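Thanks for asking me to look this one over. Here are my notes, set out point by point so that you can follow along in the viewer.

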Amino acid sequence: MIRVDAPRRLLQPRSVDEAMEMLAEHPDAVIVAGGTLAVPAWRAGPVPETALCLGAIRELAYTAEAGCGALCSLREIAARHPDAAWGSAAASIGGPALRELATVGGNVVAASPGCVAVALLVAEAHGDAFDLRSRRRIHRVPLVELFINRNLLLLSLNWAPGGHTAFAKAAVRAAGGPNIASVAVRRTAARAAVAVGMPGRLPARLPSAEKCWLAGEGPAEVAAQAAAELTLNDDAPDTRHGRAVAATLVRRLIVRCEGRTADVTGGRQRSAT
Ligand SMILES: Cc1cc2nc3c(=O)[nH]c(=O)nc-3n(C[C@H](O)[C@H](O)[C@H](O)COP(=O)(O)OP(=O)(O)OC[C@H]3O[C@@H](n4cnc5c(N)ncnc54)[C@H](O)[C@@H]3O)c2cc1C
């Protein structure tokens, strides 16, 4: 028997307007950006009847100072923002071939493990999207909604500029093993942000740890608060070890972000402006 892993109908819009028209006509079409997660999923599970491939929409492939199109590749965002948490996060994913194909939009929507999504959470990012149900463009969609709402075509992302940011992650093996935890932090004069992504749970900010940091507590205290906050979510399947790793990354990133002198070695971490 011949097994065919491709959808029967492939839609390839060349503009956002054309994509919106096609999605209005084929609301069940599966959206494909770089395809690094979507295409392997067809091999493992049911092949969709219709796929809408975004790859030819060049207007969605831009990068800017405080934003990017959904089709911006991980390579491009890493090159444009090498010192920011989101650039470090993108650079930490897979190898060069994967980063060329994979997109920021795909990383945010899949949110699994969503390393770039974790980094953009601390930058208070939001998206512009096309709502497939109302058939309207909607603006300033919070990142957390993009993680769960499957009726949106993400078009672009914008984030808050400035502040000191840093990203780190721990994986089972340095190259390609499953992630244990991804952590990002950001500090401005008036705000402190901490976000964590772990297998089995959506990327999320940790408000209690953030308050603790803003109140002037040290890295160890903020990390302890982060560990306590992660433990509060009883539904999450992560292990005590995973939470301890996440808390350690929080501590190290705060040390680095504040320019403190304590040990910040280990892990795959880089600091940012
Ligand atoms: C070897 C390997 C290692 C990896 N390591 C990591 C890692 O360390 N960290 C990490 O975070 N990820 C990792 N990934 C996962 C993945 O490659 C990335 O998350 C990637 O950014 C997904 O982007 P994509 O463009 O390929 O998405 P696709 O595969 O095209 O799509 C992914 C999902 O998002 C939806 N989607 C994509 N774009 C849009 C859009 N604009 N609007 C609405 N829906 C959309 C699709 O329908 C699909 O459900 C890894 C993958 C591989 C294969």
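**Notes on the predicted model**

1. Let me start with a helix pair: helix 9 (residues 207–214) and helix 10 have axes that come within 8 Å and cross at roughly 165°. With angles over 145 degrees counted as roughly antiparallel, helix 9 is therefore roughly antiparallel to helix 10. Their crossing is right-handed. Please keep in mind throughout that this is a predicted model.

2. Which residues meet where these two helices pack? From helix 9 they are Ser208, Ala209, Cys212 and Trp213, and from helix 10 they are Glu221, Val222, Gln225, Ala226 and Glu229. By character, the contact of helix 9 with helix 10 divides into 5 nonpolar, 2 polar and 2 charged residues.

3. Helix 10 (residues 219–232) also packs with helix 11 (residues 240–257), at an angle of about 150° and with the axes 8 Å apart. That angle makes helix 10 roughly antiparallel to helix 11. Here, too, you will find a right-handed crossing as helix 10 passes helix 11.

4. If you would like to highlight the contact between helix 10 and helix 11, select Pro219, Ala220, Val222, Ala223, Ala224, Ala226, Ala227, Leu230 and Thr231 on the helix 10 side. On the helix 11 side, the residues are Arg243, Ala244, Ala246, Ala247, Thr248, Val250, Arg251, Ile254 and Val255. The residues of this contact divide into 14 nonpolar, 2 polar and 2 charged.

5. Now for the ligand. There are 31 residues around it, and those that come nearest are Ala33, Gly34, Thr36, Gly106 and Asn107. The shell consists of 20 nonpolar and 11 polar residues, with no charged ones.

6. Where do the shell residues come from? Strand 2 (30–32), helix 5 (96–101), helix 6 (104–110) and strand 8 (152–158) each supply at least two of them. Helix 6 gives the largest share, 5 residues. Domain 1 (10–53) and domain 2 (60–158) both contribute to the shell, so the ligand lies between them.

7. Two backbone details deserve a look, because most residues other than glycine have a negative phi, and most peptide bonds are trans. One is the peptide bond between serine 112 and proline 113, which is cis, with omega about -5°. Proline 113 sits in the loop between helix 6 and helix 7 (115–122).

8. The other is arginine 135, a residue other than glycine whose phi is positive, near 55°. You can find arginine 135 in the loop between strand 6 (126–131) and strand 7 (136–142).

Conventions: Residues numbered from 1 in each chain as written. Predicted model: local features only at pLDDT ≥ 70, side-chain atom pairs only at ≥ 80, totals over all residues. Axes fitted to C-alpha atoms, helices over the stretch in contact; angles between N-to-C directions. Helix = DSSP H or I, 4+ residues; strand = E, 2+ residues; numbered from the N terminus. Parallel < 35°, antiparallel > 145°, perpendicular 65-115°, else oblique. Left-handed = near helix turned anticlockwise from the far one by under 90°. Contact = placed C-beta atoms within 7 Å. Nonpolar A, V, L, I, M, F, W, Y, C, P; charged D, E, K, R; others polar. Near = placed C-beta within 6 Å. Domains from an automatic or database assignment.
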